[in-house]
Amino acid sequence: MSESESKRERQTVTESPESNIGVCGCLLVFVSLLLMLVTLPISIWMSIKIVKEYERAIIFRLGRILRGGAKGPGLFFIIPCTDSFINVDMRTITFDIPPQEVLTKDSVTISVDGVVYYRVQNATLAVANITNADAATRLLAQTTLRNVLGTKNLAEILSDREEIAHSMQSSLDEATDDWGIKVERVEIKDVKLPQQLQRAMAAEAEAAREARAKVIAAEGEMNASRALKEAATVIAESPSALQLRYLQTLNTIAAEKNSTIIFPLPIDFMQSFLRKPGDASV
């Protein structure tokens, strides 16, 4: 069906002029009005109807939708004998997509569930074009979830949830447009993997982390060896720096533990104290 034909069909649904009820219908409407006038003021309570701010009323007169489409919110009148009406909730409706067993493109079976947010955009189409818009939208969401995920591999499903949700929303919105429904948002809630696949992925991740840890440790050893080489070069240029390092090490050990420490002291460090007074003049 082309777009122009679809528009013409919508116009025929929403217009429904009262003149199409025929002569018999007009006669029945006239008799109903006469009875309502005769039974006043009792009949007025059966004629006055009220719809809430978030609702719209679709009025049927002898089985045909009245011209003007949905009524409300607020107060409106009906003819008790010939008119009937259906209330349509215009608020956003949320429902969960049950977990679906899906076979991905790379032949992995996973369980995926989601949530859909939609609202009735055209109350007349939601009543006249489909029996139960809510049930139809729920079933269509389950089918669309299976179809979209069947074209993706496991890595894409785990990493591109937003893209999958947007694709589902576009497909659902296009399919439910003729029902007067607007799909506002689709979200993927959870992706459940088989236990064996979870263990395999966990082992792969653990092996990757261990490999990275070994690489980091090797780089640390290389950097430490370079730093020790530079420190040895500095100490070789200044022998007194080695003596100061000895004293710093002794101070650090004494601060950490209160115990007796035997620390080797170089002989050349004590030579200045072992000299005799007579040797100083020489």
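**Close-up 1. The S2 and S3 hairpin in the predicted model.** In this predicted model, strand S2 pairs with strand S3 (residues 64-65) in the antiparallel sense, and two bridges hold the pairing. Within it, Phe60 stands opposite Ile65 of S3. Two residues lie between the strands of this hairpin, and Leu62 adopts a positive phi near 55°. Strand S2 itself, which spans residues 55-61, is mostly covered, since six of its seven residues are buried.

**Close-up 2. The sheet that contains S2, S3 and S5.** Strand S2 is also joined to strand S5 (residues 83-89), with which it runs antiparallel, and here seven bridges make the connection. Two of the contacts can be followed residue by residue: Arg56 has Val88 of S5 as its bridge partner, while Ala57 is partnered by Asn87 in S5. Together the three strands form an open sheet in the order S3-S2-S5, with antiparallel pairing. S3 and S5 each have a single partner strand and stand at the edges, so one side of each is left without a neighbour in the sheet.

**Close-up 3. The sheet built from S6, S7 and S8.** A further open sheet of three strands is arranged in the order S6-S7-S8, and its pairing is antiparallel. Its edge strands are S6 (93-103) and S8 (181-192), each of which pairs on one side only. From one strand to the next, the twist averages 25°. Strands S6 and S7, the latter covering residues 109-120, pair in the antiparallel sense over nine bridges, and in this pairing Glu101 has Ser111 of S7 as its bridge partner.

**Close-up 4. A salt bridge between S7 and S8.** Side chains of opposite charge can pair when their charged atoms come close. One such pair is formed by Arg119 and Glu184, whose side chains meet in a salt bridge with an N to O distance of 2.6 Å. Because Arg119 lies in strand S7 and Glu184 in strand S8, the pair ties together parts that are 65 residues apart in sequence. Both ends of the contact have some accessible surface: Arg119 counts as partly exposed at 27% relative accessibility, and Glu184 counts as partly exposed at 33%.

**Close-up 5. Further salt bridges, with Lys182 and Arg185.** Eight salt bridges are found in a search of the whole structure, among them the contact between the side chains of Asp173 and Lys182, at 2.9 Å from N to O. Lys182 is partly exposed, with a relative accessible area of 27%. In another of these contacts, the side chains of Arg185 and Glu187 meet at 2.7 Å, N to O. Arg185 is partly exposed at a relative accessible area of 47%, and Glu187 is likewise partly exposed, with a value of 29%.

**Close-up 6. The annotated transmembrane region and a nonpolar surface patch.** According to the UniProt record, an unreviewed entry, the annotation "transmembrane region" covers residues 21-46. In the model this span is 85% helix and 0% strand, and its end C-alpha atoms lie 23 Å apart. A nonpolar surface patch of about 590 Å² is made by Leu27, Phe30, Val31, Leu34, Leu35 and Val38. One of these residues, Leu34, is placed in helix H2 (residues 22-38), and Leu34 is partly exposed, with a relative accessible area of 47%.

Technical notes:
Residues numbered from 1 in each chain as written. Predicted model: local features only at pLDDT ≥ 70, side-chain atom pairs only at ≥ 80, totals over all residues. Heavy atoms only, no water. UniProt positions renumbered as here; feature names shortened; annotations may be inferred. Helix = DSSP H or I, 4+ residues; strand = E, 2+ residues; numbered from the N terminus. Patch = residues over 30% accessible without salt bridge, like charges linked within 9 Å, V, L, I, M, F, W, Y side chains within 5 Å. Areas by Shrake-Rupley, 256 points an atom, 1.4 Å probe, with all protein chains shown as cover. Salt bridge = Lys/Arg side-chain N within 4 Å of Asp/Glu carboxyl O. Buried < 20%, exposed > 50% of the residue type's maximum accessible area, 1.4 Å probe, protein only. Pairing = 2+ DSSP bridges. Axes fitted to C-alpha atoms, helices over the stretch in contact; angles between N-to-C directions.
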